[in-house]
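The exercises below are to be worked with the sequence and the model in view. Each task is followed by a solution in steps.

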Amino acid sequence: MKQKMTGFHLDGENHWVAELECGHRQHVRHEPPWMERPWVLTEEGRRSRLGIELDCRRCDEVGHAVAEAVREALAAAARQAYEEAGLSGLCAEGRWELALDAIRATGLTSAIHRALTRPQ
């Protein structure tokens, strides 16, 4: 997920770290030939990069965790409604209608909250 750089600081090993608008941090090392970021070596260079977006891996991880939690909650609701409808004697079409209604009615707040508070 793209996030803007809002500042920089040095870590305990004197490596530059970008502070991102999402609150996460990401190293922005200049280590030729693997990583070419000469701009990070000067205050002017770092200042010139403020507002430029980086891919935030932590936000990607959180997004994937939330998506998976939502998928699991909706699948569980659909399965339960489908099975209960079958026990009630509904035909396959009626069972699917109830499963879809369960998906539409499923509250996702608790599943999302669990995904967001789960240690990464």
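**Exercise 1: Cysteines**

Task. Determine how far the sulfur of C59 is from the closest cysteine sulfur, and how many disulfides the structure holds.

Solution. Step 1: the cysteine sulfur closest to that of C59 belongs to C22, and because the two are 3.6 Å apart, they are too far from each other for a bond. A disulfide requires two cysteine sulfur atoms within 2.5 Å. Step 2: the number of disulfides in the structure is zero. C56 is likewise in no disulfide, as its nearest cysteine sulfur, in C59, is 3.7 Å away.

The model is predicted: local features need pLDDT of at least 70 and side-chain atom pairs pLDDT 80 or more, while totals for chains, interfaces and linings use all residues. Residues are numbered from 1 along each chain as its sequence is written, and side-chain values use heavy atoms, without hydrogens or water.

**Exercise 2: Buried or exposed**

Task. Decide whether C56, C59, Q26 and G107 are buried or exposed.

Solution. Step 1: the cut-offs are under 20% relative accessible area for buried and over 50% for exposed, with partly exposed in between (1.4 Å probe, protein chains only). Step 2: C56 has 2% relative accessibility and therefore counts as buried. C59, at 10%, is buried, and Q26, at 11%, is buried too. Step 3: G107 reaches 59% and so counts as exposed. Step 4: between the C-alpha atoms of G107 and C56 there are 28 Å in space, and the two residues are 51 places apart in sequence.

**Exercise 3: The largest core**

Task. Find which residues form the largest nonpolar core and which elements give two or more residues to it.

Solution. Step 1: such a core joins buried Ala, Val, Leu, Ile, Met, Phe, Trp, Tyr and Cys residues through side-chain atoms within 4.5 Å. Step 2: the largest one has 11 residues, namely M5, F8, W16, A18, L20, V28, W39, V40, L54, C56 and C59. Step 3: β1 (2-10) and β2 (16-20) are the elements that give two or more residues to this core. β2 provides the largest share, three residues. Helices (H or I, at least four residues) and strands (E, at least two) are DSSP runs numbered from the N terminus. Step 4: apart from this core lies another, of seven residues, including V66, A69, V70 and A73.

Step 5: Q26 is placed in strand β3 (residues 25-27). Beyond its neighbours within four places in sequence, Q26 is in contact (heavy atoms within 4.5 Å) with W16, V17, A18, L20, L54, D55, C56 and R57.

**Exercise 4: Helix contacts**

Task. Identify which residues of α2 meet α3 and which meet α4, and state the classes of the residues in each contact.

Solution. Step 1: in α2, the residues L74, A77, A78, A81, Y82, E83, A85 and G86 meet A92, R95, W96, L98, A99, A102 and I103 in α3. This contact divides into 12 nonpolar, one polar and two charged residues. Ala, Val, Leu, Ile, Met, Phe, Trp, Tyr, Cys and Pro count as nonpolar, Asp, Glu, Lys and Arg as charged, and the others, Gly among them, as polar.

Step 2: V62, A65, V66, A69, V70 and A73 in α2 meet A111, I112, A115 and L116 in α4. Here the classes are 10 nonpolar, no polar and no charged residues.

Step 3: the loop between α3 and α4 contains G107.
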